[in-house]
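User: Could you take a close look at one part of this model for me? I'd like a connected account of how the pieces touch each other, starting inside one chain and then moving out from there.

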Amino acid sequence: MYVYDDFDRTLVAERVREFRDQVDRRLSGELTEDEFKPLRLMNGVYLQLHAYMLRIAIPYGTLSSEQLRTLAHVARRYDKNYGHFTTRQNIQFNWIKLEELPDAMADLARAGLHGMQTSGNCVRNITTDQWAGVAPDEIEDARIWAELLRQHLTLHPEFSFLPRKFKIALTASAHDRAAVKVHDIGLRMHTNGAGETGFEVMVGGGLGRTPFIAKTIKPFLPKRDLLSYVEAILRTYNQYGRRDNIYKARIKILVHELGAEKFAREVEEEWQSIKDGALALDASAVNDIAARFRYPDYDELLDGPPELGKALAEDKRFRAWVDNSVANHKVAGRAIVTLSLKPVGGPPGDATAEQMDAIADLADRYSYGEIRVGHEQNLVLPHVAQRDLPALWRALDAIGVATPNVSLISDIIACPGLDYCSLANARSIPVAEEITRRFKDLDLARSLGRLHINISGCINACGHHHVGHIGILGVEKNGEEYYQVTIGGRAGEDAELGKLLGPAVPYATSPTWSRI
Amino acid sequence: MLLVKAGRVVEDRFLRVLDDAPVPDGVPAIVPAARLLADARDLALRAAPTGVIWPNDRRIAELAPYLDWLALVALVFPTFKDGRAYSQARLLRERHEFRGELRATGQVLRDQLLFLQRAGFDTFEVTKEADAAKFAEAVQRYSVFYQPTSDGRPSARRARAARGVAPPLVPGTREVVR
């Protein structure tokens with residue numbers, strides 16, 4: 001995990017001080033709401049249906065146990081005792097008071113957490129594979145590059161007032177767990193013919209009301225050029241992206257209107273004049289960041305320890321969980337464990353303060369104090385010894401995060417929907433809860449195999465419905481909640497948009513959708 | 001609106017010439033972009049400094065032929081949320097090496113002053129009087145900057161390089177590197 005140095009800590013503290021001043025000026029009326037809105041958004045503060053919402057970044061999905069305890073503290077002290085993990089490796093608190101926001105941010109800052117650029121028309125939290133650093137199929141740890149990008153794009157003076165929000169995701173594995181092709185910039189690390197590692201650069205992916213799969217504009221970008229090339233893309237977008245219509249302001253529209261080739265030429269021309277300047281990455285700059293990523297000093301273990309074999313043979317429930325929620329690790333004797341935040345009948349992605357505290361303790365005990373957050377809205381313990389799996393399972397089961405439904409039909413990705421969000425047209429959470437109840441019989445769910453349902457409460461597509469195997473989109477018809485259903489979408493390396501199945505159906509029929 | 005230069009409120013010595021109005025002799029003047037392109041030869045020969053107000057939807061490269069004699073370029077923020085002129089400013093300073101006065105005009109508010117200064121602006125038509133008074137404070141809110149620009153503030157990367165590469169962490173420990 002990345003450990004902040006004095007520069008990182010100072011910047012976050014200065015940000016809290018600045019935001020406190022901005023909130024004071026808003027409360028005194030010195031700042032109008034119109035002036036305040038972009039400032040609060042760039043600190044992750046939304047005004048929702050019932051209250052202010054605070055969105056905290058979890059860069060590249062990596063959390064320390066101390067940070068998770070801090071999130072639990074914020075849930076308990078400033079909110080209603082729970083938080084909601086999102087599809088972009090963030091966590092949201094839905095009930096925070098504006099006056100208390102600076103204090104909540106100060107508490108978060110002490111643990112190296114912040115809401116910087118989790119919202120607003122700027123570069124958002126950089127996301128990557130939640131298994132980065134431990135996945136057997138990765139070519140290197142993508143988080144080092146995500147952190148280099150994060151730093152470069154934090155409070156960037158040129159790119160803080162872009163035409164629209166801007167999302168970047170990276171993967172360094174053959175299997176893309178970061179959905180990079182539905183991002184404004186998707187970066188895929190791979191090795192070229194000469195044996196060098198670099199990035200395939202894709203632009204203009206995204207969901208929302210005009211979904212696009214990203215197009216490749218640079219098949220191989222050397223690592224030294226990562227920052228300068230991203231800078232060139234952003235500079236092109238900042239100048240030529242549309243600002244006349246909010247629905248046409250994302251980079252995907254610019255890429256679509258110019259055509260990927262012409263866009264690529266614009267970027268190339270810009271890049272040629274900056275690539276050998278101050279942004280070129282030398283080995284020392286990369287090593288400096290890499291040196292602050294902490295890796296566990298694993299004990300030497302063997303795969304398939306006897307304790308595990310015995311428990312697998314004796315306990316069917318444990319076996320079902322291992323089959324479903326435990327993945328291979330790059331180091332022998334270790335495992336990657338996914339914690340399902342999709343309980344039967346519960347809202348997807350929510351965790352209570354007590355669960356967060358308990359998971360932090362379990363991370364200390366079994367996972368070198370480290371937790372990951374994935375875009376599927378589940379948590380991960382990335383460094384578990386296989387021999388500890390039975391004990392860990394019992395502990396996770398006791399706090400309700402061992403439902404063996406990872407990647408099954410009840411592992412639903414959903415946005416907060418009309419229960420919280422001021423943009424939504426329809427509710428998402430009750431639909432998700434109903435589906436999980438219908439498929440609580442895990443044999444039935446398993447018989448369907450890997451199946452992703454994604455639910456969005458409006459066309460903004462925060463639940464990524466276009467890339468769900470089954471996608472459900474809430475719409476409003478004559479003041480009532482209706483849902484459009486798409487099928488055949490997927491988010492990974494072979495990303496595709498789903499096809500509309502037919503006319504929208506009303507909310508009341510949702511219990512019968514399981515017959516689809 | 002107050003003009004801030006070098007952290008202080010100053011009087012604007014430039015006269016803003018509108019559209020086709022005559023440009024008075026011997027007075028520093030700012031002309032619209034179309035006027036500059038049409039009358040460049042005459043304007044270049046004026047006895048007093050000439051500046052241009054350049055809209056945020058025109059390419060900065062078009063300005064390049066005039067930069068060696070222009071005393072001032074004013075870039076426009078129609079609202080503070082429209083950030084195109086930040087890119088224009090950096091291109092002027094960093095690519096075209098423009099050393100004249102670079103002025104931010106339009107909706108120029110306290111919470112954007114630091115970004116503006118970092119992008120290369122050195123004079124600011126600050127919209128609110130209270131913001132002009134707080135200029136110095138507003139541009140000193142931060143002491144850490146992750147990205148190198150032409151404003152002279154050292155980036156964290158340079159500062160880290162000067163300090164030397166951080167020592168590798170002892171594997172398995174939870175110490176915070178300082």
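Analyst: Let's start inside chain A, where the C-alpha centres of domain 1 and domain 3 lie 28 Å apart. Before going on, a word on the ground rules. This is a predicted model, where local features need pLDDT of at least 70 and side-chain atom pairs count only at pLDDT 80 or more, while totals for chains, interfaces and linings use all residues. Residues are numbered from 1 along each chain as its sequence is written, chains are lettered from A and ligands numbered from 1 in the order in which they are written, and side-chain values use heavy atoms, with hydrogens and water left out.

The domain assignment splits chain A into domain 1 (6-110), domain 2 (134-291), domain 3 (306-398) and domain 4 (413-515); such bounds come from an automatic or database domain assignment. Between domain 1 and domain 3 of chain A, 21 residues of the former are in contact with 23 of the latter (contact means heavy atoms within 4.5 Å). Together these two domains of chain A bury about 1900 Å², with 53% of it on carbon and sulfur atoms; buried area is the accessible area (1.4 Å probe) that two parts lose on being put together, summed over both. On the domain 1 side, A:L68, A:R69 and A:F85 supply 31% of the area buried against domain 3 of chain A, more than any other three residues.

A:R69 turns up again in a salt bridge with A:D364, with the closest N and O atoms 2.7 Å apart. The count between domain 1 and domain 3 of chain A is 3 salt bridges, each being a side-chain nitrogen of Lys or Arg within 4 Å of a carboxyl oxygen of Asp or Glu. Which elements of domain 1 do the touching? Those giving two or more residues to the side facing domain 3 of chain A are β3 (62-64), α3 (65-78) and β4 (82-85) of chain A, where helices (H or I, at least four residues) and strands (E, at least two) are DSSP runs numbered from the N terminus. The largest share of that side, 7 residues, comes from α3(A).

Now out to chain B, which has 6 helices and 8 strands. The C-alpha trace of chain B spans about 75 × 35 × 25 Å along its principal axes.

Where chain B meets chain A, 49 residues of chain B are in contact with 63 residues of chain A. The two chains bury about 4800 Å² between them, 51% of it on carbon and sulfur atoms. Within chain B, B:Y142, B:Y146 and B:R157 lose the most area to chain A, together 15% of what that side buries.

Charge pairs show up here too: the count between chain B and chain A is 16 salt bridges, and the structure holds 70 over all chains. One of the pairs is A:E18 with B:R141, at 2.7 Å from N to O. A:E18 lies in helix α1 (residues 6-27) of chain A and B:R141 in the loop between α5 (135-138) and α6 (156-163) of chain B, so the pair joins two chains. B:R59 and A:E266 form a salt bridge as well, their closest N and O atoms being 2.9 Å apart. As for elements, α2 (84-95), α3 (113-119) and α6 of chain B give two or more residues to the side that touches chain A, and α2(B) gives the most, with 7 residues.
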